[in-house]
Amino acid sequence: MHGIEKIKAAREILKCNIEKSRELGVEIGDSGCRLESCGQRLNFLAAALRTIACKCTLYKMIGRDIDRAIGPAASVIKIFDVICGLEKTLSTDPSDDISAYLTTLKWMEEALGLLTDNCKLVISWLENSNCNSSVAESWYVMNVNKCLNILRQLQATEERSRAKGGALMVALDKLESELASSLTDIAPLSLPLPNVIQNVQAIIDRLAVNHRFDKCTSIYIEVRSSNVRKTLEELDLDYLEEISLTEFDSVLSVESHIDQWREHLEFAVKDLLDIEHRLCNEIFQKSASKDSSCTDCFAKIAVQSGIHSFIKFGNTITRGKKEAVKLLKLLDMFAALKRLRSDFNRLFSGRTCGEIQSQTRDLIKKVVNGACEIFWQLSLQVELQRTTSPPANGSVPRLVNFVTEYCNQLLEDEYWSTLVQVVEIHQGWNHESSDKELLLNEMRKIIMVIELNLESWAKTYTDDTLSYLFLMNNHWYLCKYTKGTKLGELMGHEWIRGHEENMEYYETLYLSESWGKLPDLLSEEGLVLFPGGRAIDRQVVKKRFKEFTEAFDDIYKRHSNWELCDKGLRWRVRQLVLQVVVPSYSSYLAKYMPSIEFEVASTGNQHIKYTAETLGNMISGLFEPKVGKYGSTTKCTEWSGKLNNSIVANHLSSTPAAA
């Protein structure tokens, strides 16, 4: 029973399932129509969705570009605000605080660069977002274009700032003015404090960053050369430009200018230009092109300061007339240039100083050649004076005075060592051997030529007594004024002693041939009227007094125009004349004047013209140098031993006469 029931139950279930299958089949048939209609609608939707999907992608890309531009755009606004604040700060005077001003200027440059870069970036992204504007909304395109216009204006801020009248340009111009002011304030004779140099360097660095380094050097050269010129102008250097070959006949007329030239040149090089050279090194030591900047600036400063004027003056002197005094001046010039040699080599070693180097070498060559040419011609020039006339008053010729003092001065250590160097250099240029003894022999030769001149001049006097006085005068001078001098050492003791003996010899001749003849006119021979008597022939006495007086007057008249240039020699000769004349005359007066006094008293005829005292006074006034037309003693005086004494107006090559 149990099994049947299970079968019946299964049968009922199966019947139900079959019924449901019939119903489902009907429904499926009906659904096919509906699915076909849905498929058609789905194809249309798919196409619409594809269009929507494309637009969404585009807007998504635009949004991404916009998102990128928002940050830099905000930075642009902030940077522009900063720039506006910096512009206000830069409108102040940089001298108030140059360090702060330079810092602000640097910030300004950085801010302008950053503004430009950010504007470029934002513009690039916005332009990219606008590249597909054909599908973008018109309002979007319009707003983007407005933004682009604003950004492009902001991008041009740096260009406007650097243009004429722009904030950055004005600030840089102020900085150039501050540079000129700072350089002007630096004293020309000393280096400034380190902080001043640092400020100048900082200004130059800032200007160099802005492509104004050339302008910096131009300002530097103009200001520093102007400072040096102003300092030199205080020395009154007009003579450097005013003197020309046509304006002086002798180096004596510009002797003081040559001495000034040496002092001023040394001051210009050692004090002024040396400081400028050191300052150039300090200022431009951090420059990328330090060597060229320093040498270029310094060379132009030296030229604009007037270094060529000093060289030009030296050249003018070397081209002047060849004369003995010029040799000493040329040696002075050579010594000055030699002292400055290391300074010239150090200061003007650069390529840009080539012209200064060349001109200086040329000047030294002219000085050396000119000095040697004059030196080797000295003895000949002295010899050429032999045909001239000696002094009419028997004094020492100017030439003798000049040559002996000249040789003494030339033999002084400073001049002599310089002359030796000059001759050595000159002989080296000519590939000749140098021998110091040659120079010494030439000096001896000059003095020996003077001695020959004296012998020749003495023979031209028609009065032998004047000839003796002339030789006495000159031998005394040569022995006294060379003893203890360099010239005396050169000529030797025997030479000096020889002149002393010659002086004494001619002194004896002078006395015996002039004043020494007067005592013989007061002879007592023939005065007694009768042999063995005491009566005196008054006529003979009167005659002899008259003959003595006439002879004395004649000698005194002639000899009173003669001169002994040395005070010691004058005193010596006067004493000898007094010893020869006055004692014999005084004795004769004492013996025979009473015999003729009665006749003098009764007749009034004066037979005794001079007393012994009167004769002594007259003799004591002999041989004094006379005051000439130039207000000083003529031809001879108490020699000072200096060649620039006013007595030495003529010399060797330009001396018209030995007197």
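Analyst: A residue is called buried here when its relative accessible area is under 20%, exposed when that area is over 50%, and partly exposed in between. The model discussed below is a predicted one.

User: Is Asp343 buried or exposed?

Analyst: The cut-off for a buried residue is a relative accessible area under 20%. Asp343 has a relative accessible area of 8%, so the class that applies to Asp343 is buried.

User: Which residue forms a salt bridge with Asp343, and in which helix does that partner lie?

Analyst: The closest N and O atoms of the pair are 2.9 Å apart, and the partner of Asp343 is Lys270. That partner is partly exposed, with a relative accessible area of 34%. The pair links distant parts of the chain, 73 residues apart, with Asp343 in helix H13 and Lys270 in helix H9.

User: How far apart in the helix, in turns, are Asp362 and Lys366?

Analyst: These two residues form a salt bridge whose closest N and O atoms are 3.3 Å apart. Asp362 is partly exposed at 35% relative accessibility, and Lys366 is partly exposed as well, with a relative accessible area of 29%. Both belong to helix H14, and because they are 4 residues apart there, their separation is about one helical turn.

User: How many residues apart in sequence are the parts that Lys483 and Glu500 tie together?

Analyst: Lys483 and Glu500 form a salt bridge, with 2.7 Å between the closest N and O atoms. Lys483 sits in the loop between helix H18 and helix H19, whereas Glu500 belongs to helix H20, so the parts tied together are separated in sequence by 17 residues.

User: Which element gives the largest share of the lining of the second largest cavity?

Analyst: A search of the whole structure finds 3 cavities of 30 Å³ or more, and the second largest cavity holds about 40 Å³ of space. Helices H9, H11 and H14 are the elements that give two or more residues to its lining, which divides into 8 nonpolar residues, 1 polar and no charged. The largest share, 3 residues, comes from H11.

User: What is the length of the polar contact that joins the side chains of Glu405 and Tyr477?

Analyst: Glu405 lies in helix H15, which covers residues 398–411, and at 9% relative accessibility Glu405 counts as buried. The polar contact that joins the Glu405 side chain to that of Tyr477 has a length of 3.2 Å.

Key: Residues are numbered from 1 along each chain as its sequence is written. This is a predicted model: local features need pLDDT of at least 70, side-chain atom pairs count only at pLDDT 80 or more; totals for chains, interfaces and linings use all residues. Side-chain values use heavy atoms; hydrogens and water are left out. Buried means under 20% relative accessible area, exposed over 50%, partly exposed in between (1.4 Å probe, protein chains only). A polar contact is a pair of N or O atoms within 3.5 Å; within protein, one must be able to donate a hydrogen and the other to accept it, and residues adjacent in sequence count only if both atoms are side-chain atoms. On a 1 Å grid over the protein atoms alone, a cavity is a set of points where a 1.4 Å probe fits but cannot get out, and a pocket is an open set with protein on both sides within 12 Å along at least five of seven lines; lining residues have an atom within 4 Å of a point. Grid points are joined across faces, edges and corners, and a volume is the space filled by probe spheres set on the points. Ala, Val, Leu, Ile, Met, Phe, Trp, Tyr, Cys and Pro count as nonpolar, Asp, Glu, Lys and Arg as charged, and the others, Gly among them, as polar. A salt bridge is a side-chain nitrogen of Lys or Arg within 4 Å of a carboxyl oxygen of Asp or Glu.
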